[in-house]
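I opened this notebook to record what I looked up, beginning with a hairpin and moving on to the nonpolar cores.

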Amino acid sequence: MRLTIAPLSASNAQTVEAWSRITDARRLFLQTERHPFAAAVREARPDFTSMDDLYESAGDFDALHRAMAERLLAADGDCVYAATGETDALLAALLPLAERAGAEVEVLPGVPLYVAAFPDAHADMAFAAAALPDRLDPSKSIAVTEIDTALRAGEVKLALSEYYPDDWIVRLAGLDQSGAYAARQLPLCALDRQKHYDAATALFVPAVPFDALTRYGVEELSAVIDRLRGPGGCPWDREQTHESMKGALLEECYEVLDAIDQKDDAALCEELGDVLLQVVFHAAIAESQGRFTVRDVATGIVQKLIYRHPHVFGSVQADTAEQVLVNWDRLKKAEKHQQTQTDAMKSVPRGFPALMRSRKVQKKAADVGFDWDSAEAAFPKISEEAEELRAAMGSGEGIAEEMGDLLFAVVNVARLLHLEPEFLLQEATDKFIGRFSAMEALALSRGTKLENLSFSEQDELWSLIKSTENRAKIHK
């Protein structure tokens, strides 16, 4: 038995060999008679067997292609299969069965649908509308085929608009009355507002010059940094080093935290962009020195995430967040070759804010059981350290050390209460500013300024403001 796969195309792109095999076939199978390409077959060879019933009855595409393969191989003698679309999935199911059955399979060359639709254009990439990748490169031209409904056109438009400008001029092609392709131009934003779509509808999207883009990804950000640091770019950007950029990185991270506290999405989006700039900028500095690239940075973090999530990417069981953290710390310790818990403590960067660093060091000690049972048990340590500070102040010796011990004890209680001392102090500072502002306003309402009042008079105003706040809290 000899089975010939003959591709169907538009009338202006149909190969003579494939059409001859279709019209001369002893027995002809048609992928689907619902495709526009099938019209010519219905007219020339109405005695075909359609696979449409299998499309309707198959549970999934694997079952569909196996059923199609079995039907073709069950034919009595040589036959031709007229394909209206891609045949890779069918061949994957067909070829092993054909080999076992001793059948010969011949696949005739054809003209890809996007080439038939746009013979004068070059597409760097081509995809079926239902199989667009998650990421696209707008510097490349693409063709999209099988845009068979307005709904599908809308999905394609949304996907492309993430990368290509909404008003970018594209070409949409469909079959005319003669069965040949005809294309017209339209803005991308109008793609889903056309009158007719079918399985032969195809789209060509030209590449976009960088200066015409309206949305950008990390690749474009890297390109901008390269331009700024390259010849003819910005002298300031070229002079920057890892050391000179340290302060900016820290500042941008704090601005992200502030945007989160303000619950301001627009500010958060902007500030995250500023942090991303810092990451890409530092990677660009390193790349210019031949040390590493932004892709190395991304590779490192992806590998780390996979390694530290064996409960997701491996066979380790972790059903709770607590189990995940235990696994994370164990893997981190092994990854960084930390032999002792002291090594783990020393790995906490000294560049962290002091409150944050002390809490993390305390947590490392707690990981091996060196910890209070509760915040209540740890609380007396604050009084103990306060008394030692009082004694140091009396003697004039060891004041700084005892003050540090007191702060460390306060942080310990905050940690055991599952509170972040860094944020607590920020909030307390904000509260102080708010009360001071109210106190200042109250003084002005009484016809004076704070600097003209004694400390006891100022403290009286402070107590009044505080009691007013407390009464407001009670009545909430």
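I began with strands S8 and S9, which form a hairpin with five residues between them; in the turn, Gly 179 has a positive phi of about 85 degrees. The model is predicted, so local features need pLDDT of at least 70 and side-chain atom pairs count only at pLDDT 80 or more, while totals for chains, interfaces and linings use all residues. Residues are numbered from 1 along each chain as its sequence is written, and side-chain values use heavy atoms, with hydrogens and water left out.

I then checked the pairing. S8 (residues 169-175) and S9 (residues 181-187) run antiparallel and are joined by seven bridges; strands pair if DSSP finds at least two bridges between them. Strands are DSSP runs of E, at least two residues, and helices runs of H or I, at least four, numbered from the N terminus. Arg 171 has Gln 185 in S9 as its bridge partner.

Next I looked up the largest nonpolar core, a set of buried Ala, Val, Leu, Ile, Met, Phe, Trp, Tyr and Cys residues joined through side-chain atoms within 4.5 Å; buried means under 20% relative accessible area, exposed over 50% and partly exposed in between (1.4 Å probe, protein chains only). This core has 27 residues, and Leu 8, Ile 22 and Val 41 are among those that touch the most other members. Helix H6 gives the most to this core, with three residues.

Finally I turned to Arg 357, in helix H16 (residues 354-366). Arg 357 counts as partly exposed because its relative accessibility is 27%.
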